[in-house]
Amino acid sequence: MNIAILGTGSVGRALGRGWADAGHAVVFGSRHPDADKAQSLVASIGDRAGATSLAEAAAAADVVALAIPWGTVERTLTDLSDLTGKVLIDCTNPLKPNLAGLAVDDDTSGAEQIAAWAPEARVVKAFNTTGANNMADPVYDGTPLTMFVCGNDAEAKTTVMALAEDLGFEAVDAGILMRARQLEPLALLWIHLATSAGLGREIGFKLLRR
């Protein structure tokens with residue numbers, strides 16, 4: 001599968017390496033694709049990775065992963081070429097600058113806002129409820145962490161769940177895109193536990209059944 005990852009930060013790097021290792025072709029979209037940061041990332045991954053502009057990366061991909069700060073999302077989507085039919089994975093969280101809460105109202109979510117900004121894309125929320133360290137290695141003592149996935153398009157959601165499993169997660173269908181209203185606060189909880197509560201980043205969520 002051809003995957004564009006928009007962003008070369010810690011989340012983008014972890015997803016890109018994992019998907020390339022799983023056999024996917026990965027292209028990082030960057031505003032500065034020729035800069036050392038992007039080129040060194042590509043070199044560290046190998047032949048299955050490349051870097052180009054944001055628009056070019058998205059145009060050539062089947063799946064586009066948003067791994068950029070929330071404050072840049074609307075501008076980035078505006079700058080992209082046609083996203084009609086593409087699976088658009090929202091890996092972002094609409095965090096306030098001081099992490100005091102979410103920068104969206106209670107009756108919506110960042111994912112739903114993205115769907116409004118990119119109505120031609122098939123938006124799926126995923127990879128937002130844990131840290132990049134867990135995206136790089138989601139298995140704890142042989143047990144995979146849970147990755148919740150939500151979206152309105154069943155086929156797109158199935159694609160993203162398979163990509164989560166490629167990384168080593170247990171993928172769980174959390175429902176329609178509106179369920180992002182619960183998943184984004186869950187990200188805030190992970191951040192609080194990892195930082196303010198002092199538990200550190202080597203923690204993750206697991207759904208248990210009986």
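The paragraphs below lead from the overall dimensions of this predicted model to a cluster of aromatic rings and then to a few individual residues.

The protein chain folds into 8 helices and 10 strands. Its radius of gyration is 16 Å, close to the 17 Å that the globule rule gives for 210 residues, so the chain is as compact as a globular protein of that length. Along the principal axes, the C-alpha trace spans about 45 × 40 × 35 Å. Buried residues make up 50% of the 210 residues, and among contacts with a separation of 6 or more, 69% are between residues 24 or more positions apart. The accessible surface comes to about 9700 Å², with 51% of that area belonging to carbon and sulfur atoms. As for charge, the chain carries 17 positive and 25 negative charges, and the mean positions of these two sets are 4 Å apart.

We turn next to the aromatic side chains. A search of the whole structure finds 3 aromatic pairs. One of them joins Trp19 and Phe127 in an edge-to-face arrangement, with 5.6 Å from centre to centre and 75° between the planes. Because Trp19 lies in helix H1 (residues 10-21) and Phe127 in the loop between strand E6 (122-125) and helix H6 (132-136), this pair ties together parts that are 108 residues apart in sequence. Trp19 has a relative accessibility of 0% and therefore counts as buried, and Phe127, at 1%, counts as buried as well.

Phe127 also forms an aromatic pair with Phe169, and this one is tilted, with 6.4 Å between the centres and 55° between the planes. Phe169 sits in the loop between helix H7 (154-167) and strand E10 (170-175), whereas Phe127 belongs to the loop between E6 and H6, so the pair ties together parts that are 42 residues apart in sequence. Phe169 is buried too, at 4% relative accessibility. Taken together, ring pairs link Trp19, Phe127 and Phe169 into a cluster.

What of the backbone at these positions? Most residues other than glycine have a negative phi. Phe127, in the loop between E6 and H6, has a positive phi of about 60° although it is not a glycine. Leu99, which is placed in the loop between E5 and H5, likewise has a positive phi, near 60°, and is a residue other than glycine. With respect to solvent, Phe127 is buried at 1% relative accessibility, while Leu99 is partly exposed at 43%.

Trp19 leads on to another buried site, since Trp19 is among the residues in contact with Val26. Val26 is in strand E2 (residues 25-29) and is buried, with a relative accessible area of 0%. Leaving aside neighbours within four places in sequence, Val26 is in contact with Ile3, Ile5, Gly16, Trp19, Ala20, Arg48, Ala49 and Gly50. For the last of these, Gly50, the separation from Val26 is 24 residues in sequence and 6.5 Å in space, C-alpha to C-alpha.

A final stop is helix H5 (residues 110-117), where Gly110, Ala111, Glu112 and Ile114 are buried. Which elements cover the buried residues of H5? The cover includes strand E4 (63-66), helix H4 (73-79), strand E5 (87-90), E6 and helix H8 (180-194).

How values were computed. Residues are numbered from 1 along each chain as its sequence is written. This is a predicted model: local features need pLDDT of at least 70, side-chain atom pairs count only at pLDDT 80 or more; totals for chains, interfaces and linings use all residues. Side-chain values use heavy atoms; hydrogens and water are left out. Rings of Phe, Tyr and Trp (its six-membered ring) pair if their centres lie within 6.5 Å; planes under 30 degrees apart count as stacked, over 60 as edge-to-face and the rest as tilted. Helices (H or I, at least four residues) and strands (E, at least two) are DSSP runs, numbered from the N terminus. Buried means under 20% relative accessible area, exposed over 50%, partly exposed in between (1.4 Å probe, protein chains only). The radius of gyration is taken over C-alpha atoms; the globule rule is 2.2 Å times the number of residues to the power 0.38. Contact means heavy atoms within 4.5 Å. Accessible areas come from the Shrake-Rupley method with a 1.4 Å probe; for residues, only the protein chains shown count as cover. Lys and Arg count as positive and Asp and Glu as negative; His and the chain ends are not counted. The place of a charge is taken as NZ of Lys, CZ of Arg, CG of Asp or CD of Glu.
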